[in-house]
Amino acid sequence: LETKQRTLPRIKVLTAGFGAGWHDLKEQPNILRIIIGEKEIQTQKDSILQIEANIDDMELKLWNHAIKSLMKAKALDVFIEPIRMKKKRDAIKLTVLCSIENKDELIKKIYEETTTLGVRVFLVEREKLDRKLIKSKYGKIKLGLLEGKIKTAAIEPDDYKKYLRKNKVPI
């Protein structure tokens, strides 16, 4: 008899079971375990924070400065969306994504750069492709890999702009 012991691939377990046989095996227990599942997509998984605030009393001209300041304070991403609040008030919803370690610094920066009186904080699970940076004549190209295969490729925007200016090439 052959015994194979392996680690499980990343799967979503649908059902599992085990049973014992009748024969007394001297070298190993006579037990069989079976696990039935679906293969999970092979992405990197982690958790980040999403910090939000609805702001209805801030001058639109100030948003670019606020976004730049939040990005300099180690936000992973910052974006704004127009929303409608109670009493038909137009407002902006600020969303800041950050690592858990940078929470306090970014909340403080939100209070310094905006007129909000409070924020909402959510723990968010994230899945992302494996990433690889390669250099080209256009600048750095970010590759997104899924199970070792290229699924997306994008030139870093700052490098692309630099290449266009340097070579006097229209977009």
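**Loops, strands and salt bridges of a predicted chain**

With a relative accessibility of 51%, Lys74 counts as exposed, since residues over 50% fall into that class. The structure described here is a predicted model, and Lys74 makes a convenient place to enter it. This lysine sits in the loop between helix 1 (63-72) and strand 4 (77-85). Its phi is near 80 degrees, a positive value in a residue other than glycine. A further lysine with a positive phi is Lys88, where the angle is about 60 degrees although the residue is not a glycine. Lys88 belongs to the loop between strand 4 and strand 5 (89-98), and Lys88 counts as exposed at 72% relative accessibility.

With these two loops located, the chain as a whole can be introduced. Its secondary structure comes to three helices and nine strands. Read from the N terminus on, the elements follow the order β-β-β-α-β-β-α-β-β-β-β-α. The radius of gyration is 25 Å, well over the 16 Å that the globule rule gives for 171 residues, so the chain is more spread out than a compact globule. Along the principal axes, the C-alpha trace spans about 80 × 50 × 30 Å. Of the 171 residues in the chain, 24% are buried.

One part of the fold that is easy to follow by eye is an open sheet of three strands, in the order 7-8-9 and with antiparallel pairing. Strand 7 (130-136) and strand 9 (149-155) stand at the edges, and each has a single partner strand, so one side of each is left without a neighbour in the sheet. On average, and with direction ignored, neighbouring strands of this sheet are turned by 30 degrees against each other. As general background, strands of a sheet pair through backbone hydrogen bonds, either parallel or antiparallel.

The pairings within this sheet can be traced residue by residue. Strand 7 is joined to strand 8 (residues 139-146) by seven bridges, and the two run antiparallel. In this pairing, Leu133 stands opposite Lys142 of strand 8. On the other side of the sheet order, strand 8 pairs with strand 9 over six bridges, again in the antiparallel sense. Here Leu146 is found opposite Lys149 in strand 9. The hairpin of strand 8 and strand 9 has two residues between the strands, and Glu147 takes a positive phi there, near 55 degrees. Is strand 9 buried or in the open? Of its seven residues, the number buried is zero, so strand 9 lies largely in the open.

Lys142 also leads from the sheet to the charged contacts. Glu156 forms a salt bridge with Lys142, and their closest N and O atoms are 3.5 Å apart. Glu156 lies in the loop between strand 9 and helix 3 (157-167), while Lys142 is in strand 8, so the pair ties together parts that are 14 residues apart in sequence. Both partners are partly exposed, Glu156 at 25% relative accessibility and Lys142 at 35%.

In total, the structure holds ten salt bridges. Among them is the contact between the side chains of Glu52 and Lys93, at 3.9 Å from N to O. This pair links distant parts of the chain, with Glu52 in strand 3 (residues 44-55) and Lys93 in strand 5, 41 residues apart. Glu52 has a relative accessible area of 9% and is therefore buried, the cut-off being under 20%. The two residues also take part in a wider arrangement: Glu52, Glu81, Lys93 and Arg120 are linked in a network of salt bridges.

Strand 5 contributes to another of these contacts. The side chains of Arg89 and Asp56 meet in a salt bridge at 2.7 Å, N to O. Arg89 is in strand 5 and Asp56 in the loop between strand 3 and helix 1, so that distant parts of the chain, 33 residues apart, are linked. Arg89 is partly exposed, with a relative accessible area of 30%, and Asp56 likewise counts as partly exposed at 34%.

The surface has a nonpolar feature as well. Which residues make the nonpolar surface patch of about 280 Å²? Leu14, Ile34 and Ile36 form it. Ile36 is found in strand 2 (residues 31-39), and its relative accessibility of 43% makes this isoleucine partly exposed.

Conventions:
Residues are numbered from 1 along each chain as its sequence is written. This is a predicted model: local features need pLDDT of at least 70, side-chain atom pairs count only at pLDDT 80 or more; totals for chains, interfaces and linings use all residues. Side-chain values use heavy atoms; hydrogens and water are left out. Two strands pair if DSSP finds at least two bridges between them. Helices (H or I, at least four residues) and strands (E, at least two) are DSSP runs, numbered from the N terminus. Axes are lines fitted to C-alpha atoms, for helices over the stretch in contact, and angles run from 0 to 180 degrees between N-to-C directions. Patches are made of residues with over 30% relative accessible area and no salt bridge: like charges are joined within 9 Å, nonpolar side chains (Val, Leu, Ile, Met, Phe, Trp, Tyr) within 5 Å. Accessible areas come from the Shrake-Rupley method with a 1.4 Å probe; for residues, only the protein chains shown count as cover. A salt bridge is a side-chain nitrogen of Lys or Arg within 4 Å of a carboxyl oxygen of Asp or Glu. Buried means under 20% relative accessible area, exposed over 50%, partly exposed in between (1.4 Å probe, protein chains only). The radius of gyration is taken over C-alpha atoms; the globule rule is 2.2 Å times the number of residues to the power 0.38.
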